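These are my notebook entries on one chain, kept in the order in which I looked things up. I begin with a single side chain and work outwards to the fold and its pockets.

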Amino acid sequence: MRKILEDLYFGNIVPYEKRITADSELRHLVKRAADCETRLAEQVNDAEKQILDTLISTQHEIDSTMAREYFILGFRLGVRLMTECMDEDDGELIDRR
């Protein structure tokens, strides 16, 4: 346990730096989105390209914010589960040790 706490303290735990696995469904979806973005950017004028860039940038910000919020919610749920596991209340059962 101490090793994990030390890694966290020193910033060695960085879950968002993971890479996408080659040939995964996610890799194909990211490529498809990038291809669509490229094709669309080629078909619009400069003013429309600026709007497209703003839309894409804003969507990235939304995705990043949602990922952070889901991470926090999941972490909190994990801590709640661990806390409940430590509770000695076994409901209607009695431990006869």
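Is Tyr-9 buried or exposed? I looked up its relative accessible area and found 67%, so Tyr-9 is exposed. I note at the outset that the model is predicted.

**Entry 1: aromatic pairs**

I next looked for ring pairs and counted two aromatic pairs. One of them joins Tyr-9 and Phe-10: the ring centres are 4.9 Å apart and the planes stand at 85 degrees. I record the pair as edge-to-face because its angle is over the 60 degrees that this class requires. Phe-10 is exposed as well, with a relative accessible area of 59%. The value for Phe-10 lies over the 50% cut-off, so I enter the residue as exposed and not as partly exposed.

**Entry 2: the chain as a whole**

How many helices and strands does the protein chain have? I found three helices and zero strands. Along the sequence the pattern reads α-α-α. I then looked up the overall dimensions. The radius of gyration is 23 Å, whereas a compact globule of 97 residues would have one near 13 Å. The C-alpha atoms fill a box of roughly 75 × 35 × 25 Å along the principal axes. As to burial, 4% of the 97 residues count as buried.

I took one pair of residues as a check on separation. Asp-53 and Asp-7 are 46 residues apart in sequence, and their C-alpha atoms are 37 Å apart in space. Asp-53 has its place in helix H3. With a relative accessibility of 41%, Asp-53 counts as partly exposed.

**Entry 3: salt bridges**

Side chains of opposite charge can pair when their charged atoms come close. I counted four salt bridges in the model, and I describe some of them here.

Glu-6 and Arg-2 meet through their side chains, with 3.0 Å from N to O. Both belong to helix H1, where they are four residues apart, so about one helical turn separates them. Glu-6 is partly exposed at 32% relative accessibility, while Arg-2 is exposed at 63%.

In helix H2 I found a bridge between Lys-31 and Asp-35, whose closest N and O atoms are 3.0 Å apart. These two residues are also separated by about one helical turn, being four residues apart in helix H2. Asp-35 has 32% relative accessibility and counts as partly exposed.

A further bridge links Glu-69 with Arg-68, with 3.9 Å between the closest N and O atoms. This pair still counts as a salt bridge because the distance lies within the 4 Å limit. Glu-69 is partly exposed, with a relative accessible area of 35%. Arg-68 is likewise partly exposed, with 45%.

**Entry 4: the largest pocket**

Which residues line the largest pocket? I listed Leu-29, Val-30, Ala-33, Ala-34, Cys-36, Glu-37, Leu-40, Ile-56, Gln-59, His-60 and Asp-63. Helix H2 (25–43) and helix H3 (46–86) are the elements that give two or more residues to this lining. H2 provides the largest share, seven residues. By class I noted seven nonpolar, two polar and two charged residues in the lining. The space in the largest pocket comes to about 240 Å³.

**Entry 5: the second largest pocket**

What is the volume of the second largest pocket? I entered about 160 Å³. Its lining consists of Ile-4, Leu-5, Leu-8, Ile-13, Pro-15, Phe-71 and Phe-75. Here the elements that give two or more residues are helix H1 (2–9) and H3. The largest share, three residues, comes from H1. I found seven nonpolar residues in this lining, with no polar and no charged ones.

**Entry 6: reading the entries together**

H3 recurs in my notes on the pockets: it gives two or more residues to the lining of the largest pocket, together with H2, and to that of the second largest pocket, together with H1. The linings of the two pockets each hold seven nonpolar residues. Charged residues occur in the lining of the largest pocket, but the second largest pocket has none. H1 also carries the bridge between Glu-6 and Arg-2, and H2 the one between Lys-31 and Asp-35.

Terms used: Residues numbered from 1 in each chain as written. Predicted model: local features only at pLDDT ≥ 70, side-chain atom pairs only at ≥ 80, totals over all residues. Heavy atoms only, no water. 1 Å grid on protein atoms, 1.4 Å probe; cavity = no way out; pocket = protein on both sides within 12 Å on 5 of 7 lines; lining within 4 Å. Points joined across faces, edges and corners; volume = space filled by probe spheres on them. Nonpolar A, V, L, I, M, F, W, Y, C, P; charged D, E, K, R; others polar. Phe/Tyr/Trp six-rings, centres within 6.5 Å; stacked < 30°, edge-to-face > 60°. Buried < 20%, exposed > 50% of the residue type's maximum accessible area, 1.4 Å probe, protein only. Rg over C-alpha atoms; globule rule 2.2 N^0.38 Å.
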